[in-house]
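Reader: I'm new to this structure and would like a close look at one part of it. Could you take me through the metal site, and then show me how the rest is laid out around it?

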Amino acid sequence: MDKVVWIGIDDTDSKKAGCTTFVGALLLRRVKSLGYTLVGYPRLVRLNPNCPYKTRGNAAIALAVESDRFDVLEDVVIKTVEEYAELDAEGTDPGVAFFFGEPLQELREYYWHTVRELSSIEEAEKIAENIGAKLLKWKSGRGVIGALSAIGADLTKGRTYELIAYRRRDYWGTVRLVDPDSVWEMDKTTYPLTFDNVDRDTGEIRITPHTPCPVLLGIRGVTPHIVEQAYNMLRIYEPVEFYTIFETNQGTDAHLQMMKISNVKEGVSAIIDCTVRSKPRYSIGGHVFFKIGDETGEITCAVYEPTKRLRHIIVELEPGDEITVYGGVKMKPEGLTLNLEKIHIRSLVKSFVKRAPRCRFCGRKMKRVGKPGYVCKSCRSFSREPELVEVERKIPLGVYEVPPSARRHLSRPLALATNYQHG
Ligand SMILES: [Zn+2]
């Protein structure tokens, strides 16, 4: 029997064009046409969304191939990367990793590290040396981090699938000819087994990107079968070059880890049980900011303008409310700031307004007399304390999320969490 060779690829795309998934899908087709057998589905692995070097989606590709001629395979990989990677673009630093056999525990741990924290090329090289993986670098070769990590991707805690259809070259950069009505019909039939097809708030179609890249559309779902079924429901008025179904860590919350505030640092994505420490307020640009704290410290929580309706909920929070926040952490001028992806509002403090009290002798409403307190106009009695009247809080307890347009690839949509148990 042939040996299994894992191939990982990352950072072949630039901010403007290209697409790592396209290079991966092309490689897959070439490898298949040479007679190699693919093991399982190719993988589309999203890495730490807070990485400062990321291109659009910070995606890496991995595939497993049965091969007894590694030299031939390696040659195909090199040729494909050199042909299709945006090597002239600044910030495109492709990397390829090869690994023989089943990924080891050390490689699995490396994946969790790269999806949750910031990592370096040196670290990737050290791991590769330890486990006997082979790395290839172009330019700075930063892509080796994602390439190695994608091979180690541990999808046992959740996996989803994405069908990506690619455009014929002469259509690149033109308007995508997918009938929007057919997308809504497809969504109606398959959601939430497929997800992020449309944004119900804005009426926007989410499966087609707006970049001049080779991707025509991507459909995300919980099984390979459902994404293919959904694809076949679409009316597409341009030629499709081919499509590929990837197994992915998208929509699984793989990037998030439960943390105390004192352990939070730049680049991590955290889940924090905390309380609201300051009243959330709108700021310039429509962003909302407030302080959150636990027994170990305090940081800022940001709810940016693109989160749209979520902000209307957030500004109803009061200091003392108990919440769990989910999001990526960045260093900002005002200190460590968590960019909110999801929030669980667990308990609300009682909220009161101050009102003039009633006189304890005659029961009439007292009148406010400047700072010191209240007097009764008929008995001349005096009270220092106002009456506190409880006002109803406007937000129901529960979990709230950002709209699909603001959602990170790795974030698990709520519809998916409640309607689908990962196998
Ligand atoms: Zn009175």
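Author: Here is a walk from the metal site out to the rest of the chain. One thing to keep in mind is that this is a predicted model.

Let's start at the zinc ion. Its protein donors are the SG atoms of Cys359, Cys362, Cys376 and Cys379, and they sit 2.1 to 2.3 Å from the metal. The angles among these four donor atoms run from 102 to 115 degrees, and the site is tetrahedral. As a yardstick, the ideal angle for four tetrahedral donors is 109.5 degrees. Read along the sequence, the donor residues follow the spacing C-x2-C-x13-C-x2-C. Cys359 belongs to the loop between strand S19 (351-355) and strand S20 (367-369), while Cys376 belongs to the loop between strand S21 (373-375) and strand S22 (382-383), so this pair ties together parts that are 17 residues apart in sequence. Both Cys359 and Cys376 are buried.

Now zoom out a bit. The domain assignment splits the protein into domain 1 (3-152), domain 2 (168-248), domain 3 (256-350 + 393-407) and domain 4 (352-390). Measuring between centres over C-alpha atoms, domain 2 and domain 4 are 64 Å apart. The C-alpha atoms of the whole protein fill a box of roughly 100 × 50 × 40 Å along the principal axes. In secondary structure, the protein comes to nine helices and 24 strands. Of its 423 residues, 53% count as buried. Take the contacts between residues at least 6 apart in sequence: 70% of them join residues at least 24 apart.

Next stop, strand S24 (residues 398-401), which is where Tyr400 sits. Tyr400 has 17% relative accessibility, so it counts as buried. Setting aside neighbours within four places in sequence, Tyr400 is in contact with Leu310, Ile313, Lys342, Ile343, Ile345 and Leu414. Its side chain also reaches the backbone oxygen of Pro396, at 2.5 Å. For a sense of scale, the C-alpha atoms of Tyr400 and Trp138 are separated by 42 Å, and these two residues are 262 apart along the chain.

Trp138 brings us to Val96, since Trp138 is one of the residues that Val96 touches. Not counting residues up to four places away in sequence, the others include Ile7, Ile9, Val77, Val81 and Leu136. Val96 is also part of the largest nonpolar core, which has 32 residues, and those with the most contacts inside it are Ile7, Val65, Val96 and Tyr166. Several elements each supply at least two residues of this core, among them strand S1 (3-10), helix H1 (20-33), helix H2 (70-84) and strand S11 (240-248). H1 gives the most, with six residues. Domain 1 (3-152) and domain 2 (168-248) both give residues to this core, so it lies between them. As a general point, nonpolar side chains tend to be buried together in soluble globular proteins.

Last, a polar residue. Asn249 is in the loop between S11 and strand S12 (256-258). Asn249 has 0% relative accessibility, so it counts as buried. A polar atom of its side chain lies 2.8 Å from the backbone nitrogen of Arg46. Leaving out residues up to four places away in sequence, Asn249 touches Leu44, Val45, Arg46, Tyr111, Val115, Leu155 and Leu410.

Notes. Residues are numbered from 1 along each chain as its sequence is written. This is a predicted model: local features need pLDDT of at least 70, side-chain atom pairs count only at pLDDT 80 or more; totals for chains, interfaces and linings use all residues. Side-chain values use heavy atoms; hydrogens and water are left out. Donors are N, O and S atoms within 2.8 Å of the metal (3.2 Å for Na, K and Ca); water is not among the atoms, so sites may look incomplete. Four donors count as tetrahedral if all angles lie between 85 and 135 degrees; four count as square planar and six as octahedral if opposite donors are over 155 degrees apart and all others between 65 and 115; anything else is irregular. Helices (H or I, at least four residues) and strands (E, at least two) are DSSP runs, numbered from the N terminus. Buried means under 20% relative accessible area, exposed over 50%, partly exposed in between (1.4 Å probe, protein chains only). A nonpolar core is a set of buried Ala, Val, Leu, Ile, Met, Phe, Trp, Tyr and Cys residues joined through side-chain atoms within 4.5 Å. Domain bounds come from an automatic or database domain assignment. Contact means heavy atoms within 4.5 Å. A polar contact is a pair of N or O atoms within 3.5 Å; within protein, one must be able to donate a hydrogen and the other to accept it, and residues adjacent in sequence count only if both atoms are side-chain atoms.
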